[in-house]
Amino acid sequence: MKYLSILIPLVLAAVGCGTPGKLQRVQSGYCDATIRLPRGREAAFREFEVTRGNVASDTLRVTGPGGEEFILMKAVQNDDGEMVAHEVLDAAVVSARFRNVAERHGRVDLEFQVTVPAGMMDSRWQLRFNPEMYILGDSVRLDPVIITGRDYRARQLRGYEQYRRFLAGIVSDSLKFVNAWQLEIFLERNIPQLFKYRSDSSFVSDEEFLSCYGVSEQEAVEHYTNRFLVNRNLRRIAKKDRMFHKYVRVPIVSEGVRLDTVMMNADGDFVYNYVQTINTRPKLRKVDIVLSGSIYEQDERLYSMPRTEPLTFYISSLSTFADRSPRYLTRTIGRRVEANSSCYIEFPQGGDMIDEDLGNNRREMERIKDNIRDILRNEEFDLDSVTIASYASPEGSERSNAELSLRRAASAAKFFSRYASRLRDSLRREEGLFISVDGASDAGSWTSGGNTPFSIPFITHSGGENWEMLDYLIDTDNNLSAEEKDRYMDRRALAGLDQREEAMQADPSYGYVRSELYPRTRVVKFDFHLHRKGMVEETVQTTEIDSTYMEGVRAIDDRDYVLALKKLSTYKDYNTAITYLALDRNRSAMTILSGLPDSPQVNYMKAVVYSRWSDDRNAVQCYLNACREDQSFVFRGNLDPEIASLIRRYGLNQDNKEGETL
């Protein structure tokens, strides 16, 4: 618990007015402490007493919906409670019981004054006041305010002095209880060998002392220690806490001193400006603050002050203006889809027949079978066709390799079309489906089953010599030196493929490249051409919730504007402008608002920005435009300090003669 302790020299207000009479007036309610709102132009609902003073005229010219002009003067409240145009005179302010406060950066400053009349203070008293805050059903006790009279503080200080004297009587050095003179006589008479050490700095261990003289040093010291004085000192130590409470009946609190403004008005009353900063949270709309207190004389409570009427702070947050409508991402989904896969099928040198038992063929071909099976069973896609391209290694002529790769592609197509045919029969038995598979290529075609809408053509192509794969294999090979790789790249630059391969044969590394790398260039690639089931159009627009954007909106609701800006900054829309306004980044907010279509919400936000820039004309114009389009802003304006100040200064939202609200 933090305290603000203020020592105020207090004197009697009048001769012959003693403490009992003052306490009686306090107890009867004649004078009591209270809390109030400090004077300020943002205070909600003032009453004015018309007095003589300097006249200050102020008018404002705004445009109506039909182009007509209105001249607005600063307004005051008349005796009937109506706000009327009036030249403002110097006035006295009567405190209100509530105020609209604006949230900024997720925090709100609640400012109020603790006012204690001079008649409630006495030099022998200490006044302790406890502000208490009610927020979302919870009560939170704030830091107390303590006013200490001069005589009360003097008694506190006397208690501390008495306690200091008591502590001074406690001996901290145990050697002071030893009768050193008698101990020296004992040593001189009985142990002269040891006595000679009294002025010698030589170290004598306890063991040496005991072995020489039959008595330990501790025993000798204990024998000549005054036990009465030791016990008395121990009793004093044990009574430290009890004696502190006896002498210091009310301790002075010196830690946690508030640094808020403290002032005394001309009448001698005590006025303390209290500022409490709170973090806002979802659903926080208002905060109530009450004050209670007590009067103490020493540790005796003389009077308990009843709780005051609450001060109410209405929290106006721009987060309430956020547009919480779902935002969607628009994606274009194509009807046609492609899936690609490759397998390394080994063929006999110069041959085109598939041998499943050659090398890793069986494992590689099982992968392609799994792909075909998964696609045919897929509930989202239908298989339109399969394109097979086969690639040859560079040895041999370019023309023969092109023909060889085409025959190998046709061989792969024939193999997998037969597999698809068997799979068709299996699926038909399982699900009643009928799938026929067609195979077609430049070298011939194979058909399994009838030519139905479910036919799957296998289209073959020759990929020729696979130099791109060879480039990658040589570049990433760890067995070839940098010089060997450079020589390969030099030969790779030759335009003719046959000349290129012939030049490579002269390199010492050719044997390794042909035996280890060439087989890995003999690749068969499969392209599966699919379409989405049930789709007729080539593309379709679909929507899904924009999760990033909605996270930003939730951050606005949680008053976490830094996170909200991180999520929304790229969108540059209305909610982004709200976030900038909440962070007081007004120019960024206005840049976005100026590019948005006109609406009551946009006009209201512009009015807030213009008011912060002290541009009253544009602020009033935008606010009136918002109210004409949406009457709810007539009432909302009283909750935002920027707009409420405009309403008070220019008497806005009052019915004119035609019944139109200005």
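**Exercise 1. Describe how strand E16 is covered and which strands pair with it.**

Solution.
Step 1. Locate the strand. E16 spans residues 311-316. Strands (E, at least two residues) and helices (H or I, at least four) are DSSP runs, numbered from the N terminus.

Step 2. Check its cover. Five of the six residues in E16 are buried. Buried means under 20% relative accessible area, exposed means over 50%, and partly exposed lies in between (1.4 Å probe, protein chains only).

Step 3. Find the partners. Two strands pair if DSSP finds at least two bridges between them. Strand E7 (residues 98-102) runs parallel to E16, with five bridges. Here Arg-99 has Phe-313 of E16 as its bridge partner. Strand E14 (residues 286-297) is antiparallel to E16, with four bridges. Here Ile-289 has Leu-311 of E16 as its bridge partner.

**Exercise 2. State how far the model can be trusted, and where confidence drops.**

Solution.
Step 1. Know the ground rules. This is a predicted model: local features need pLDDT of at least 70, side-chain atom pairs count only at pLDDT 80 or more, and totals for chains, interfaces and linings use all residues. Residues are numbered from 1 along each chain as its sequence is written, and side-chain values use heavy atoms, with hydrogens and water left out.

Step 2. Read the average. pLDDT is the predictor's confidence in each residue, from 0 to 100. Its mean for the protein is 76, and 70% of the residues reach 70 or more.

Step 3. Find the weak stretches. Over residues 1-18, pLDDT stays under 50. The model has 49 contacts (heavy atoms within 4.5 Å) beyond four places in sequence for this stretch. Residues 257-266 also have pLDDT below 50, with 28 contacts beyond near neighbours in sequence.

**Exercise 3. Count the disulfides, then classify Cys-622 and Cys-627.**

Solution.
Step 1. Recall the bond. A disulfide is a covalent bond between the sulfur atoms of two cysteines. The cut-off is a pair of cysteine sulfur atoms within 2.5 Å.

Step 2. Count. The structure holds zero disulfides.

Step 3. Classify. Cys-622 is buried because its relative accessibility is 9%. Cys-627 is buried because its relative accessibility is 5%.

**Exercise 4. Describe the largest cavity and its lining.**

Solution.
Step 1. Set the terms. A cavity is a set of points, on a 1 Å grid over the protein atoms alone, where a 1.4 Å probe fits but cannot get out; lining residues have an atom within 4 Å of a point. Grid points are joined across faces, edges and corners, and a volume is the space filled by probe spheres set on the points.

Step 2. Count and size. There are two cavities of 30 Å³ or more. The largest holds about 80 Å³.

Step 3. Name the lining. Its residues include Glu-484, Arg-487, Tyr-510 and Val-513. Helices H12 (482-492) and H14 (510-517) each supply at least two lining residues. H12 gives the most, with four.

**Exercise 5. Find residues other than glycine with a positive phi, and place them.**

Solution.
Step 1. Recall the rule. Most residues other than glycine have a negative phi.

Step 2. Take Leu-136. Its phi is near 50 degrees. Leu-136 sits in the loop between strands E9 (126-135) and E10 (138-141). Its relative accessible area is 42%, so Leu-136 is partly exposed.

Step 3. Take Asp-584. Its phi is about 65 degrees. Asp-584 sits in the loop between helices H17 (574-582) and H18 (586-594). Its relative accessible area is 38%, so Asp-584 is partly exposed.

How values were computed:
1 Å grid on protein atoms, 1.4 Å probe; cavity = no way out; pocket = protein on both sides within 12 Å on 5 of 7 lines; lining within 4 Å.
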